[in-house]
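Reader: I should like a close examination of one part of this model. Please treat it in a single connected account.

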Amino acid sequence: MQLQLSTWPEVEAYLAASRSVILPIGSTEQHGPNGMIGTDALTAAAIANAVGEATGALVAPPIAVGMAQHHMAFAGSMTLRPSTLVAVVRDCVVSLARHGFERFFFVNGHGGNVATVTAAFSEIYAEASLGAPGNRAGLKCVLRNWWESAPVKALSKELFGNAEGSHATPSEVSVTWFLHPDAQKPMALDPPVAPHGSFADAADYRRNFPDGRIGSNPGLASAEAGRRIYNAAVEALAADYRAFAA
Ligand code: NI
């Protein structure tokens, strides 16, 4: 059940039966030479909506721009400052809490969001702990990275081995090609597997990872692999959501 496709009486009826909601969060950033800029937001939204269909959960609209400052030396990337993203996550949660929602299950598509979204959860809890007026106690938030459940990690390893890497991965590119077959861009990459390493700001990132990838070979991506990974992610997260909402 998607919030954007629902009416307010439907949401009111949903709240009579459940206080839990799913919130997809992604990013809009470069994903190497053949990956879509929307990869992290597209995958998070699609997987979250499928988890909603499997569990009957309400799914909020995606937060499509995340914390991606390190990608800003590549055309098309967008970022929120960490402090802005903390405020966005907080305001989204508090908006829904105003209507009675108590449990917030974030489906995340971007590793760079994790530290900031976790900080946002701490801000939300701190406001309740410090007794700020208007803030409700008892809210509970979790963040789940769709690529990190055990079955998905095992499948990525089976399909791509050490070419999975950590950014512009063949797994995430495959899922976008499954979701949007008309936007596939198959190509051989040079070098096949990108370098590993660390980064600080955007210029440093581009110096270390000239075509945008980290440790990955998304030249191995396919829509068929994407279908398998997507199904594994939805199944794992649906079980996780049911336990969280119970
Ligand atoms: Ni990504």
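How many disulfides does a search of the whole structure find?

Author: The model is a predicted one, and a search of the whole structure finds zero disulfides. The cysteines C92 and C141 show why. A disulfide is a covalent bond between the sulfur atoms of two cysteines. The criterion applied here requires a pair of cysteine sulfur atoms within 2.5 Å. For C92, the closest cysteine sulfur belongs to C141 and lies 11 Å away, which is too far for a bond. Taken from the other side, C141 has its closest cysteine sulfur in C92, again at 11 Å and therefore too far for a bond. The surroundings of these residues can also be described. C92 is partly exposed, with a relative accessible area of 28%, whereas C141 is buried, its relative accessible area being 7%.

The residue numbers place both cysteines in the fold. C92 falls within helix 3 (residues 82–98), which lies across strand 1, strand 3 and strand 4 and runs at about 140° to strand 3. C141 falls within strand 4 (140–145), an edge strand that pairs on one side only, as does strand 2 (58–59). The sheet itself is open and consists of four strands in the order 2-1-3-4, with parallel pairing. Within this sheet, strand 1 (residues 20–25) and strand 3 (residues 103–108) run parallel and are joined by six bridges; V21, for instance, has F104 in strand 3 as its bridge partner. Helix 2 (residues 39–55) lies across strand 1, strand 2 and strand 3, running at about 160° to strand 1.

How values were computed: Residues numbered from 1 in each chain as written. Predicted model: local features only at pLDDT ≥ 70, side-chain atom pairs only at ≥ 80, totals over all residues. Heavy atoms only, no water. Pairing = 2+ DSSP bridges. Helix = DSSP H or I, 4+ residues; strand = E, 2+ residues; numbered from the N terminus. Contact = heavy atoms within 4.5 Å. Axes fitted to C-alpha atoms, helices over the stretch in contact; angles between N-to-C directions. Buried < 20%, exposed > 50% of the residue type's maximum accessible area, 1.4 Å probe, protein only.
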